[in-house]
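Open the model in your viewer and set it to a cartoon view with side chains available. The stops below say what to select and what is there.

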Amino acid sequence: MEVTFEARGHENVTGRHRSTFEVTKDPEIGITADCIIGVRADMACADLPEDFKLMLRRGAKVEVILRAGGTEDRVIGVGHPKMTLQDGRSMVFRTSDYVDDRTILIKCDKAARDLSRDLVRALRNPRTVLTVEMRVLGVR
């Protein structure tokens, strides 16, 4: 199973957060939003297909492929039974096991600061399109 959506870059993308990265539908972010790597996203947690949400709640292992500016990076994380996936504005990918309405994956092997610096540089341009592809690798 696979879900793909797009977001855009923003001049304030820094990609410095130590434990998360986030994609939001919001059109603007401040300079302190060091976890946000994409704005004006086509999807938030609430918009995910129900069958994908079910897989996440069953603890699916998911590969996230981030593509922008001719470069890509890959992140692996897992779902959790306590995920509500109800937030209508954003998706947060976490290295921790913390779960709230915005959490889409936990125990990710990368946070914003670990992402390719070429990818982050590309995402500082508001014209850059970020493609986010999420593939279920397996369910526990």
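Two strands are said to pair if DSSP finds at least two bridges between them. The model on screen is a predicted one.

**Stop 1: β1, β8 and β4**

Begin with β1 (2-8) and β8 (129-138). Seven bridges hold this pair, and the sense is antiparallel. For a single bridge to look at, select Arg-8, whose partner in β8 is Val-129.

Now add β4 (61-68) to the selection. β4 is also joined to β8 by seven bridges and runs antiparallel to β8. Pick Lys-61 here; the residue across the bridge in β8 is Gly-138.

**Stop 2: helix α1**

Next, select residues 50-57, which form α1. Which residues of α1 are buried? Show the side chains of Phe-52, Lys-53 and Leu-56 to see them. These three lie on the same side of α1, because the arc they cover around the axis is only 100°. As a general point, residues three or four places apart in an α-helix point the same way, because there are 3.6 residues a turn.

What do the buried residues of α1 pack against? Their neighbours are four strands: β1, β4, β8 and β7 (103-105). Before leaving the helix, step just past its end to Gly-59, where phi is positive at about 85°.

**Stop 3: the nonpolar core**

The largest nonpolar core has 42 residues. Select Leu-48, Leu-66 and Met-134, which touch the most other members. Keep Leu-48 on display and look at what surrounds this side chain. Leaving out residues up to four places away in sequence, the contacts of Leu-48 include Lys-53 and Leu-56, both already seen as buried residues of α1. Leu-48 also touches Val-3, Met-43, Leu-85, Met-91, Ile-104 and Met-134.

**Stop 4: the open sheet**

Turn to the open sheet of four strands, ordered β3-β2-β6-β7 with mixed pairing. β3 and β7 are the edge strands, each pairing on one side only. From one strand to the next, the twist averages 35°.

Walk across part of this sheet, starting at β3 (residues 36-38). Two bridges connect β3 with β2, and the strands run parallel. Within β3, Gly-38 stands opposite Val-23. On to β6: β2 pairs with β6 in the antiparallel sense, over five bridges. One of the residues to select is Thr-24, which has Ser-90 of β6 as its bridge partner.

**Stop 5: strand β2**

Zoom in on β2, residues 20-24. Is β2 enclosed or open? Five of its five residues are buried, so β2 is largely enclosed by the rest of the structure. Show the side chains: Phe-21 and Val-23 point one way, whereas Thr-20, Glu-22 and Thr-24 point the other way. Glu-22 is thus among the buried residues.

**Stop 6: the aromatic pair**

Finish with the one aromatic pair in the structure. Select Phe-21 and Phe-93 and show both rings: the centres are 4.5 Å apart and the planes are at 5°, so the pair is stacked. Planes under 30 degrees apart count as stacked.

Phe-21 belongs to β2 and Phe-93 to β6 (residues 90-94), so the pair ties together parts that are 72 residues apart in sequence. Are the two partners buried or exposed? Phe-21 counts as buried at 0% relative accessibility, and Phe-93 is buried too, with a relative accessible area of 0%.

Notes. Residues numbered from 1 in each chain as written. Predicted model: local features only at pLDDT ≥ 70, side-chain atom pairs only at ≥ 80, totals over all residues. Heavy atoms only, no water. Buried < 20%, exposed > 50% of the residue type's maximum accessible area, 1.4 Å probe, protein only. Arc of directions from axis to C-beta. Contact = heavy atoms within 4.5 Å. Phe/Tyr/Trp six-rings, centres within 6.5 Å; stacked < 30°, edge-to-face > 60°. Core = buried A, V, L, I, M, F, W, Y, C linked by side-chain atoms within 4.5 Å. Axes fitted to C-alpha atoms, helices over the stretch in contact; angles between N-to-C directions.
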